[in-house]
Amino acid sequence: MRRKKHKSTRRTVRFFKIAFGFKEPFRVLVDGNFLHAYRIACQGQAPLQEALTKFLGAPVKLFTSKCVTKELREMGEEMIETGRLAKRACKGAECPHQGSEWGAAECIASLIGEANQEHFFVATQDASLRKKLGKIPAAPRIFLHANGLMLEEPSEAQEDSAKRNEDAHNTIGKAEKEILKGVEVVREKSIFRRKKAKGPNPLAMKKSAKKKQSAKVSASGPDGANETETKAKRPRRKKKAVGGDE
């Protein structure tokens with residue numbers, strides 16, 4: 001079970017890194033109920049930042065908002081220690097709601113906005129807030145379960161948004177098409193086409209002048225005369241008649 005959970009967590013983290021550009025160190029925005037639930041569950045055995053670093057497989061930075069700390073103070077003595085943990089462990093996210101009547105959930109939803117430009121992981125025990133954040137493309141959600149920390153898998157809306165982003169990235173715009181078309185025309189004009197030989201070259205078939213001259217010298221004698229003509233004719237000797245008159 002633990003191995004399956006870690007595999008699912010790694011897959012979800014990789015999804016948000018590739019699809020929406022999340023980078024290390026990861027930024028985790030926590031609310032009061034998550035901090036309180038973690039403090040009660042771990043009893044100070046493992047710091048929250050260390051636990052989240054091990055869970056997400058990368059260094060993390062913890063953030064919370066002034067609306068969250070204000071809500072913790074207003075919840076009474078039970079939350080005093082959790083409020084101290086929030087101030088001690090978390091950096092303050094830029095929250096424009098100081099002095100207003102915004103609750104912690106509304107504040108976190110406004111910090112995430114419609115695109116989560118700050119690339120926050122949101123850690124909350126509020127199920128309705130997690131459901132609302134599931135409709136936002138780049139909003140990964142963490143919560144605490146009886147089995148430990150859990151990272152919700154991408155919602156259907158988040159997967160659809162990632163697919164649209166990928167399709168838009170792979171689609172070539174009109175301007176790019178015109179540029180590629182011009183490059184292709186130039187390329188076709190610049191291609192060197194080698195002409196094929198139609199037949200043997202007559203100059204290559206012609207014998208060289210040296211070969212012709214050597215052939216003539218061999219046919220004629222050293223003095224230039226024909227060998228048949230230069231041969232001396234042997235004179236015929238007349239045979240003497242046997243038994244003839246003296």
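Which residue forms a salt bridge with R141, and how far apart are the closest N and O atoms? Colleagues, the partner is E152, and the closest N and O atoms of the pair are 3.0 Å apart. Please bear in mind that the model before you is predicted.

Let me place this pair in the chain. R141 belongs to strand β5, residues 141-145, whereas E152 sits in the loop between β6 (148-151) and α8 (156-170), so the salt bridge ties together parts that are 11 residues apart in sequence. R141 is buried, because its relative accessible area of 5% falls under the 20% cut-off. The pair also has a further partner: R130, R141 and E152 are linked in a network of salt bridges.

How many salt bridges does the structure hold? The total is 7, and I shall discuss two others.

The first topic is R27 and E118. Their side chains meet in a salt bridge, with an N to O distance of 3.2 Å. This pair links distant parts of the chain, the two residues being 91 residues apart. R27 is in strand β1, residues 26-30, and E118 is in the loop between α6 (104-112) and β4 (120-123). Are these two residues buried or partly exposed? R27 has a relative accessibility of 25% and therefore counts as partly exposed. E118, at 42%, likewise counts as partly exposed.

The next topic is R84 and E81, whose side chains form a salt bridge at 3.5 Å, N to O. Both residues lie in helix α5, residues 80-89; because they are 3 residues apart there, about one helical turn separates them. E81 is partly exposed, with a relative accessible area of 33%.

E81 brings us to the packing of helices. Two packed helices are described by the angle between their axes and by the distance between those axes. For helix α2, residues 32-42, and α5, the angle is about 105° and the axes are 9 Å apart. An angle of 65 to 115 degrees counts as roughly perpendicular, so α2 and α5 fall in that class.

Which residues meet where α2 and α5 pack? From α2 come G32, L35, H36 and R39; from α5 come E81, T82, L85 and A86. Sorted by class, this contact has 3 nonpolar, 3 polar and 2 charged residues. E81 thus appears in two settings, because it pairs with R84 within α5 and also takes part in the contact with α2.

Thank you for your attention.

Technical notes. Residues numbered from 1 in each chain as written. Predicted model: local features only at pLDDT ≥ 70, side-chain atom pairs only at ≥ 80, totals over all residues. Heavy atoms only, no water. Salt bridge = Lys/Arg side-chain N within 4 Å of Asp/Glu carboxyl O. Helix = DSSP H or I, 4+ residues; strand = E, 2+ residues; numbered from the N terminus. Buried < 20%, exposed > 50% of the residue type's maximum accessible area, 1.4 Å probe, protein only. Axes fitted to C-alpha atoms, helices over the stretch in contact; angles between N-to-C directions. Parallel < 35°, antiparallel > 145°, perpendicular 65-115°, else oblique. Contact = heavy atoms within 4.5 Å. Nonpolar A, V, L, I, M, F, W, Y, C, P; charged D, E, K, R; others polar.
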